[in-house]
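Ready to get to know a new structure by working through a few exercises? Try each task yourself, then read the solution step by step.

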Amino acid sequence: MTRSVSLRTLAVIACAFTLSACSTAPVAKAPPVVAPTLEELMAKATQAVDTGNKAAALALWQEAAATAPADKQPWVRMAQSRYDAGQYGEAILNAQEVLVRDPADKLANSVIAISGLRLSTRALADLSRQNNLSGPLRAESQDLAKLLRESLGETVLVPPPDKPPVRASRKQPSKRTADEGSANPFNALK
């Protein structure tokens, strides 16, 4: 009998649990969070730039880049912003991300070229000031300058300052010209 009582007790407990599970109130589901679109993020970033909050704009562009990884526009805006701020290393990195998405992008190539030149110029000036621009570093710098001149089609990257004009010497009219000049007063000026 104990066995039948314990089976009945277990059956009653199982039914109670089953019925209690059905009687609980349904859990209210939170509304799904809708991620902002690329266009919304780019518009917010533009507003942030217009108000002067460049840090917020950069964060929004980074979020936009994560939202639409194949789109180059957030990277273009980050590269341009960093270039304008003089952060040339970061500008180069962002421009390289643009080129991953569009290898023919002229703005990205320009940012890389100009930023690279500005960083190189700064480093060479520092080395020159420290008198450490010698040996292989100097030779490589000269080779790169030559390549740059050839690429730009210039023989000299920085032209020397213009020389002051040389004064033309005045010729003294000969006696014969002065005698002949009586007929024509402008002969002496020739």
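A nonpolar core is a set of buried Ala, Val, Leu, Ile, Met, Phe, Trp, Tyr and Cys residues joined through side-chain atoms within 4.5 Å. Keep in mind that this is a predicted model.

**Exercise 1. The core**

Task: Find how many residues the largest nonpolar core has, and which of them have the most contacts inside it.

Solution:
- Step 1. Start with the count: the largest nonpolar core has 24 residues.
- Step 2. Look for the best-connected members, and you land on Trp-61 and Met-78.
- Step 3. Now see where the core comes from: at least two residues each are supplied by helix 2 (38-50), helix 3, helix 4, helix 5 (88-101) and helix 6 (106-129).
- Step 4. Pick out the top contributor, which is helix 3 with 6 residues.
- Step 5. Zoom in on Trp-61: leaving aside neighbours within four places in sequence, its contacts include Met-42, Ala-45, Val-49, Pro-74 and Met-78.

**Exercise 2. The two sides of helix 3**

Task: Work out which residues of helix 3 are buried, and where they sit as seen down the helix axis.

Solution:
- Step 1. Check the length. With 14 residues at 1.5 Å a residue, helix 3 should span 20 Å, and its end C-alpha atoms are indeed 20 Å apart, so the two agree.
- Step 2. List the buried residues of helix 3: Ala-57, Leu-58, Leu-60, Trp-61, Ala-64 and Ala-65.
- Step 3. Look down the axis of helix 3. Its buried residues fall within an arc of 165 degrees, so they line one face of the helix.
- Step 4. Ask what that face meets: the buried residues of helix 3 pack against helix 2 and helix 4.
- Step 5. Turn to the other side of helix 3, where Ala-55 and Ala-66 are exposed.
- Step 6. Place Ala-59, which also lies in helix 3. Its relative accessibility is 41%, and since buried means under 20% and exposed over 50%, Ala-59 counts as partly exposed.
- Step 7. Compare sequence and space: Ala-59 and Met-78 are 19 residues apart in sequence, with their C-alpha atoms 9.5 Å apart.

**Exercise 3. The salt bridges**

Task: Find how many salt bridges the whole structure has, and which residues are linked in a network of them.

Solution:
- Step 1. Search the whole structure and you get 3 salt bridges.
- Step 2. Take Asp-102 with Lys-72, whose closest N and O atoms are 2.8 Å apart. Asp-102 is in the loop between helix 5 and helix 6, while Lys-72 is in the loop between helix 3 and helix 4, so this pair ties together parts that are 30 residues apart in sequence.
- Step 3. Move on to Lys-72 and Asp-105, whose side chains form a salt bridge at 2.7 Å, N to O. Asp-105 lies in the loop between helix 5 and helix 6, and Lys-72 in the loop between helix 3 and helix 4, so here the parts tied together are 33 residues apart in sequence.
- Step 4. Put those pairs together: Lys-72, Asp-102 and Asp-105 are linked in a network of salt bridges.
- Step 5. Check accessibility. Lys-72 and Asp-105 are buried, whereas Asp-102, at 25%, counts as partly exposed.
- Step 6. Finish with Arg-101 and Glu-97, whose closest N and O atoms are 2.8 Å apart in their salt bridge. Because they are 4 residues apart in helix 5, about one helical turn separates Arg-101 and Glu-97.

Methods
Residues numbered from 1 in each chain as written. Predicted model: local features only at pLDDT ≥ 70, side-chain atom pairs only at ≥ 80, totals over all residues. Heavy atoms only, no water. Buried < 20%, exposed > 50% of the residue type's maximum accessible area, 1.4 Å probe, protein only. Contact = heavy atoms within 4.5 Å. Salt bridge = Lys/Arg side-chain N within 4 Å of Asp/Glu carboxyl O. Expected span 1.5 Å × (residues − 1). Arc of directions from axis to C-beta.
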